[in-house]
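Student: I would like to learn how to read a protein model step by step, beginning with the whole chain and ending with single residues. Could you guide me through one?

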Amino acid sequence: MKLSQLAFKVAKDAPANADTINHKLLVQAGYVRQLMAGVYTYTPLGLKVLRNIENIVRKEMDAIGGQEILMPALHPKANWLTTGGWDNIDVLFKLKSRTDRDYALGQSHEEIVTPLAKELINSYKDLPLALYQIQWKYRDELRSKSGILRGREFFMKDMYSFHENQADFEKFYEKVKAAYLKIFKEMGLTAKVTEASGGSFTEKISYEFMVLTDAGEDDIFYCDSCDYCVNQEIAKVKEGDACPICGAPLKAARAAEVGNVFDLGQKFAKDFELTFANKNGEKQYPIMGCYGIGISRTMGVIVEKYHDDRGIIWPKAVSPFAAHVVALNGAEEYAIKIYETLKENGVSALLDDRAQSAGNKFAAADLLGIPVRLVISPRNEKLIEWKKRDQEEIELIDLNTVLTKLKTS
RNA sequence: CGGAGAGUAGUUCAGAUGGCUAGAACGUACGCUUUGGGAGCGUAAGGUCGCAGGUUCGAGUCCUGUCUCUCCGACCA
């Protein structure tokens, strides 16, 4: 992609109506545009990041046996009446058609996936089953905030699993937890598996995947010596108390929830009369689980974790491009050649071919945050300046070395 | 929903006590110059001052209402 042709470019100033880091940087660098509080457009650059995150999630969900579907965001009232959600969930967006029929916008999809699964599940032989989707979710929040961290409309991966018995569910539950940790690690995030409230329909605890950041809205207590971590909402401990697992003093921190896993029990199966015949031919309700990852929120959390005073520093796995080629004046032709060669070798690259001063281009590169910056300058003959976004050192290397480093680092 | 702040050019902002024919910088267009950390000079385009009422000879400025954004809190099955 050539920067001169890119829709939505870097701006000199951060937006005035933004306080949160991810909001400021994502808008200034041209990754998103705000439509209203909690609702954003993703630009070509922002969409690339979102897709990268989405694809990492998709790969791991597929790897544990999840099958991707795409359910509607617009739901009939009846499904939400069946579970009691219509009257009890205050964040549920409700709307009316001109023929006075009631609809809801999906804030989660148990109400849709459970009746859908009735067609798929008749026998224990049909279990286990795991369906997931990656889609917009809608929640009528009283207050959206913090850029893309808390939207009224947000992008989410939600998976629903169906099991013959509790033991089979537990087995899958652990598989999902492991997959989640792998996913977040690949994106450069350290997620803590945190005990939290299971919501109103279950006494059981759920697990939230928390990333430490002051931009988050949850308070957690965690242990440095073991993996124990608990959300303050259900915590029976305070900072400095002995960890119930290993005895080390607990720490308190602010964190953002990027994922969660729930044991749904048989609540939704019973609500929708979803049953299967077990090995004895008896009718039985399956155990269900649900598993979410906030795709758009994760993008915001990554910016909160990876930035400096000059801009974003994308982890390689989610960066919109692998390399940012800066063509300085007098080296335009050679820069285009480098850019084309990178593309031919399967390296995604952004070429800054704008008629701008060197300083302007460097500032844009820092703001955009692509992990590797390649400066092409008449000063260096045919050599290329290699600089990583998170380091200050600059190396002068030839094109072949650039290709090798991009493919191996 | 309670509290606080803010809406003026594409963007960031300035416009005490009402006198405005509404400014600056950046950005944009054109010309010249320049070329390694957001370059310089010149010219130009760009605004019903969030919206609706009101007070006044006169409102960006005062009053009332309303919409929106941001922050704190509450809320977030």
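**From the whole chain to single residues**

Tutor: The secondary structure of chain A amounts to eleven helices and 23 strands, and please keep in mind that this is a predicted model.

Student: How does the radius of gyration of chain A compare with the globule rule for 409 residues?

Tutor: The radius of gyration is 24 Å, close to the 22 Å that the rule gives, so chain A is as compact as a globular protein of that length. Along the principal axes, its C-alpha atoms fill a box of roughly 80 × 60 × 45 Å, and 44% of the 409 residues count as buried.

Student: Which unit do β19, helix α9 and β20 make?

Tutor: Together they make a right-handed β-α-β unit, in which helix α9 covers residues 332–344. Strand β19 (residues 323–327) pairs with β20 in the parallel sense over four bridges, and Leu350 in β20 is the bridge partner of His324.

Student: Are the residues on the two faces of strand β20 buried or exposed?

Tutor: Both faces are covered, since Ala349 and Leu351 on one side are buried, as are Leu350 and Asp352 on the other.

Student: Which residues other than glycine have a positive phi, and are they buried or exposed?

Tutor: Two cases are Asp100, with phi near 70°, and Ser146, with phi of about 55°. Asp100, in the loop between β5 and β6, is exposed because 6 other C-beta atoms lie within 10 Å, whereas Ser146, in the loop between β7 and β8, counts as buried because there are 22 C-beta neighbours inside 10 Å.

Technical notes: Residues numbered from 1 in each chain as written. Chains lettered and ligands numbered in written order. Predicted model: local features only at pLDDT ≥ 70, side-chain atom pairs only at ≥ 80, totals over all residues. Buried ≥ 20, exposed ≤ 12 C-beta atoms within 10 Å, placed from the backbone. Pairing = 2+ DSSP bridges. Right-handed = clockwise from strand over helix to strand, strands pointing away. Rg over C-alpha atoms; globule rule 2.2 N^0.38 Å.
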